[in-house]
Amino acid sequence: LRRFFISAEKGAETSIFLAYNSSVKGKTGGYYVSCALKDPSKDAQDLVLEESVWSRSKELLEQVWSRS
């Protein structure tokens, strides 16, 4: 199972790159993997799926908040 995970240092590389590298200064909203801009998956770009996930998430949160 360990072979499927990366170290904390490796996992932080892209976040640190985006925070400190001048080549990405002022660029926002991108999806980065291993310090490189990538296109999101087709599922991530599916507007129907997006609405479905958003609606279901909202329903679940409303249930939790109504119990408080």
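Here a student and a tutor talk through a predicted model of a protein chain.

Student: Let's start with the fold. What pattern does the protein chain follow along the sequence?

Tutor: Reading along the sequence you get α-β-β-α. That comes to two helices and two strands.

Student: What makes you say the chain is more spread out than a compact globule?

Tutor: Its radius of gyration is 17 Å, and the globule rule gives 11 Å for 68 residues. The value is well over the rule, so the chain counts as more spread out than a compact globule. As for its dimensions, the C-alpha trace spans about 45 × 30 × 25 Å along the principal axes.

Student: How much of the chain counts as buried?

Tutor: Of the 68 residues, 6% do. Buried means under 20% relative accessible area. The chain exposes about 6600 Å², and carbon and sulfur atoms supply 57% of that.

Student: Now the distances. How far apart are Gly26 and Val64 in space?

Tutor: Their C-alpha atoms are 37 Å apart, with their positions 38 residues apart in sequence. Gly26 sits in the loop between α1 and β1, while Val64 is part of helix α2, residues 47-67. Leu60 and Ser15 make another pair: they are 45 residues apart along the chain, and 30 Å separates their C-alpha atoms. Leu60 is in helix α2 as well.

Student: Why is Gly26 called exposed, but Val64 partly exposed?

Tutor: The cut-off for exposed is over 50% relative accessible area, and partly exposed runs from there down to the buried limit of 20%. Gly26 has 73%, so Gly26 is exposed. Val64 has 44%, so Val64 is partly exposed. Leu60 has 38%, so Leu60 is partly exposed too.

Student: On to charges. Why is the contact between Glu13 and Lys10 called a salt bridge?

Tutor: The general idea is that side chains of opposite charge can pair when their charged atoms come close. The limit for a salt bridge is a nitrogen within 4 Å of a carboxyl oxygen. The closest N and O atoms of Glu13 and Lys10 are 3.4 Å apart, so the pair qualifies. Both residues lie in helix α1, residues 8-20, three residues apart, about one turn of the helix. Glu13 is partly exposed at 38%, and Lys10 is partly exposed at 47%.

Student: How many salt bridges does the structure hold?

Tutor: Two. In one of them the side chains of Glu59 and Arg56 meet, at 3.1 Å from N to O. That is within the 4 Å limit, so this pair qualifies as well.

Student: What separates Glu59 and Arg56 along helix α2?

Tutor: About one helical turn, because the two are three residues apart in the helix. Glu59 has 39% relative accessible area and Arg56 has 42%, so both land in the partly exposed range.

Student: What about the charges over the whole chain?

Tutor: There are 10 positive and 9 negative side chains, and the centres of the two sets lie 8 Å apart. On the surface, Asp43, Asp46, Glu50 and Glu51 gather in a patch of negative charge.

Student: What lets Glu51 count towards that patch?

Tutor: A patch residue needs over 30% relative accessible area and no salt bridge. Glu51 has 46%, so Glu51 clears the area cut-off. Glu51 is found in helix α2.

Student: Which residues make the nonpolar surface patch?

Tutor: Leu61, Val64 and Trp65, over about 320 Å². Val64, with its 44%, is over the 30% needed for a patch.

Student: Last topic, the backbone. What makes Ser34 and Cys35 worth pointing out?

Tutor: Most residues other than glycine have a negative phi. Ser34 has a positive phi of about 50 degrees although it is not a glycine, and Cys35 has a positive phi of about 65 degrees, again without being a glycine.

Student: Where do Ser34 and Cys35 lie?

Tutor: Ser34 is in the loop between β1 (31-33) and β2 (36-38), and Cys35 is in the loop between β1 and β2.

Student: And how do you know whether Ser34 and Cys35 are exposed or partly exposed?

Tutor: Set each value against the 50% cut-off. Ser34 has 62%, so Ser34 is exposed. Cys35 has 27%, which is between 20% and 50%, so Cys35 is partly exposed.

Definitions and conventions. Residues are numbered from 1 along each chain as its sequence is written. This is a predicted model: local features need pLDDT of at least 70, side-chain atom pairs count only at pLDDT 80 or more; totals for chains, interfaces and linings use all residues. Side-chain values use heavy atoms; hydrogens and water are left out. Patches are made of residues with over 30% relative accessible area and no salt bridge: like charges are joined within 9 Å, nonpolar side chains (Val, Leu, Ile, Met, Phe, Trp, Tyr) within 5 Å. Accessible areas come from the Shrake-Rupley method with a 1.4 Å probe; for residues, only the protein chains shown count as cover. Helices (H or I, at least four residues) and strands (E, at least two) are DSSP runs, numbered from the N terminus. Buried means under 20% relative accessible area, exposed over 50%, partly exposed in between (1.4 Å probe, protein chains only). The radius of gyration is taken over C-alpha atoms; the globule rule is 2.2 Å times the number of residues to the power 0.38. Lys and Arg count as positive and Asp and Glu as negative; His and the chain ends are not counted. The place of a charge is taken as NZ of Lys, CZ of Arg, CG of Asp or CD of Glu.
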